[in-house]
Amino acid sequence: MSVLRTAALAARENAYVPYSHFAVGAAVRVGDRIFSGANIENASYGLSNCAERSAIFAAVSAGYTKLDELLVIADTEGPVSPCGACRQVISEFFPADAVITLANVRGDSQQTTPQALLPGAFSKGDLNA
Ligand SMILES: O=c1ccn([C@H]2C[C@H](O)[C@@H](CO)O2)c(=O)[nH]1
Ligand SMILES: [Zn+2]
């Protein structure tokens with residue numbers, strides 16, 4: 001089992017999901033460092049944070065803003081599909097051609113890229129037009 005998958009599954013154990021009961025885990029690699037995260041919900045539902053963003057924000061909080069690889073895992077029928085907000089955040093911190101692995105706990109996985117997940121993402125460059 002890959003290091004990212006192991007880290008994401010471990011983080012998923014800490015998912016705080018009293019509302020959806022849908023636990024998600026994610027792990028980011030930057031060089032040889034790994035950061036992980038889980039989804040964290042709130043009684044004010046809209047404040048919930050997805051696992052992908054938890055993991056990415058952990059890496060950024062440690063000082064890394066150019067990330068190498070991401071894996072997301074949940075108990076879905078096919079590979080889990082990141083929400084639109086996470087796709088935008090992924091596009092901010094990973095190269096357009098980075099490897100993003102979408103997985104499920106039964107062992108299915110699919111590799112994609114930030115570019116494929118959100119073509120035409122809003123970016124820093126758009127602010128300077
Ligand atoms: O890729 C995904 C999809 C959903 N969720 C979370 C948000 C919410 O807590 C729960 C149900 O949408 O799953 C994630 O963390 N990542
Ligand atoms: Zn999301």
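# Working through a predicted zinc-bound model

In helix α1 (residues 3-12), the buried residues are Leu4, Arg5, Ala7, Ala8, Ala11 and Arg12. Keep in mind throughout that this is a predicted model.

## Exercise 1: the face of α1

Work out how the buried residues of α1 are arranged around the helix axis, and what they pack against.

*Solution.*
Step 1. Start with the general rule: an α-helix has 3.6 residues a turn, so residues three or four places apart point the same way.
Step 2. Now take the buried set, which includes Leu4, Ala8 and Ala11. Looking down the axis of α1, the buried residues fall within an arc of 165 degrees, so they line one face of the helix.
Step 3. Ask what that set packs against: β1 (24-30), β2, β3 (69-74) and β4 (99-104).

## Exercise 2: the zinc site

Find the residues that coordinate the zinc ion (ligand 2), then sort Cys83 and Cys86 by burial.

*Solution.*
Step 1. Look for the donors. The SG atoms of Cys50, Cys83 and Cys86 coordinate the zinc ion (ligand 2), at 2.2 to 2.3 Å.
Step 2. Read off the spacing along the sequence, and you get C-x32-C-x2-C.
Step 3. Check accessibility. Cys83 has a relative accessible area of 33%, so it counts as partly exposed. Cys86 comes out at 0%, so it is buried.

## Exercise 3: Glu52, the annotated active site

Place Glu52 in the fold and decide whether it is buried or exposed.

*Solution.*
Step 1. Begin with the record: an unreviewed UniProt entry lists Glu52 under "active site".
Step 2. Locate the residue. Glu52 sits in helix α2, which spans 51-61.
Step 3. Test the burial. The cut-off for buried is under 20% relative accessible area, and Glu52 has 4%, so it is buried.
Step 4. List the contacts. Leaving out residues up to four places away in sequence, Glu52 touches Ala26, Val72, Pro82, Cys83 and Cys86. Two of these, Cys83 and Cys86, are zinc donors from Exercise 2.
Step 5. Widen the view to the helix. Besides Glu52, the buried residues of α2 are Ala51, Arg53, Ser54, Ala55, Ile56 and Ala59. The buried residues of α2 pack against β1, β2, β3 and α3 (84-93).
Step 6. Follow the chain past the helix: after α2 comes Gly63, with a positive phi near 105 degrees.

## Exercise 4: the loop between β2 and α2

Compare Glu41 and Asn42 for burial and contacts, then see what the side chain of Asn49 is doing.

*Solution.*
Step 1. Back to the record. Under "binding site", the unreviewed UniProt entry lists Asn39, Ile40, Glu41, Asn42, Ala43, Ser44 and Tyr45.
Step 2. Place the pair. Glu41 lies in the loop between β2 (33-38) and α2 (51-61), and Asn42 is in the loop between β2 and α2 as well.
Step 3. Sort them by accessibility. Glu41 is buried because its relative accessible area is 12%, whereas Asn42, at 32%, is partly exposed.
Step 4. Go through the contacts, skipping neighbours within four places in sequence. Glu41 touches Tyr16, Val17, Pro18, Tyr19, Ser20 and Ser48. Asn42 is in contact with Tyr19, Leu47 and Ser48.
Step 5. Zoom in on Tyr19: its backbone nitrogen lies 3.2 Å from a polar atom of the Glu41 side chain.
Step 6. Finish with Asn49, also placed in the loop between β2 and α2. Its side chain makes a polar contact of 3.1 Å with the side chain of Ser54. Beyond four places in sequence, Asn49 contacts Ala38, Asn39, Ile40, Ser54 and Phe57.

## Exercise 5: cores and strand β4

Describe the largest nonpolar core, and then look at Ile100 and Thr101.

*Solution.*
Step 1. Count the members. The largest nonpolar core has 22 residues, and the ones with the most contacts inside it are Val28, Ile56, Leu67, Leu70, Ile90, Phe94 and Ile100.
Step 2. Name the contributors: β1, α2, β3, α3 and β4 each give two or more residues to this core.
Step 3. Note a second, separate core of 7 residues, including Leu4, Ala7, Ala27 and Leu71.
Step 4. Check the surroundings of Ile100. Among the residues it touches are Leu70, Ile90, Phe94, Pro114 and Leu117.
Step 5. Turn to Thr101 in strand β4. Its relative accessible area is 8%, so Thr101 is buried. The contacts of Thr101 include Leu70, Leu71 and Val72, along with Ser109, Gln110 and Gln111.

How values were computed
Residues numbered from 1 in each chain as written. Chains lettered and ligands numbered in written order. Predicted model: local features only at pLDDT ≥ 70, side-chain atom pairs only at ≥ 80, totals over all residues. Heavy atoms only, no water. UniProt positions renumbered as here; feature names shortened; annotations may be inferred. Helix = DSSP H or I, 4+ residues; strand = E, 2+ residues; numbered from the N terminus. Buried < 20%, exposed > 50% of the residue type's maximum accessible area, 1.4 Å probe, protein only. Contact = heavy atoms within 4.5 Å. Polar contact = N/O pair within 3.5 Å; in protein donor to acceptor, adjacent residues only side chain to side chain. Arc of directions from axis to C-beta. Core = buried A, V, L, I, M, F, W, Y, C linked by side-chain atoms within 4.5 Å. Donors = N, O, S within 2.8 Å, 3.2 Å for Na, K, Ca; no water.
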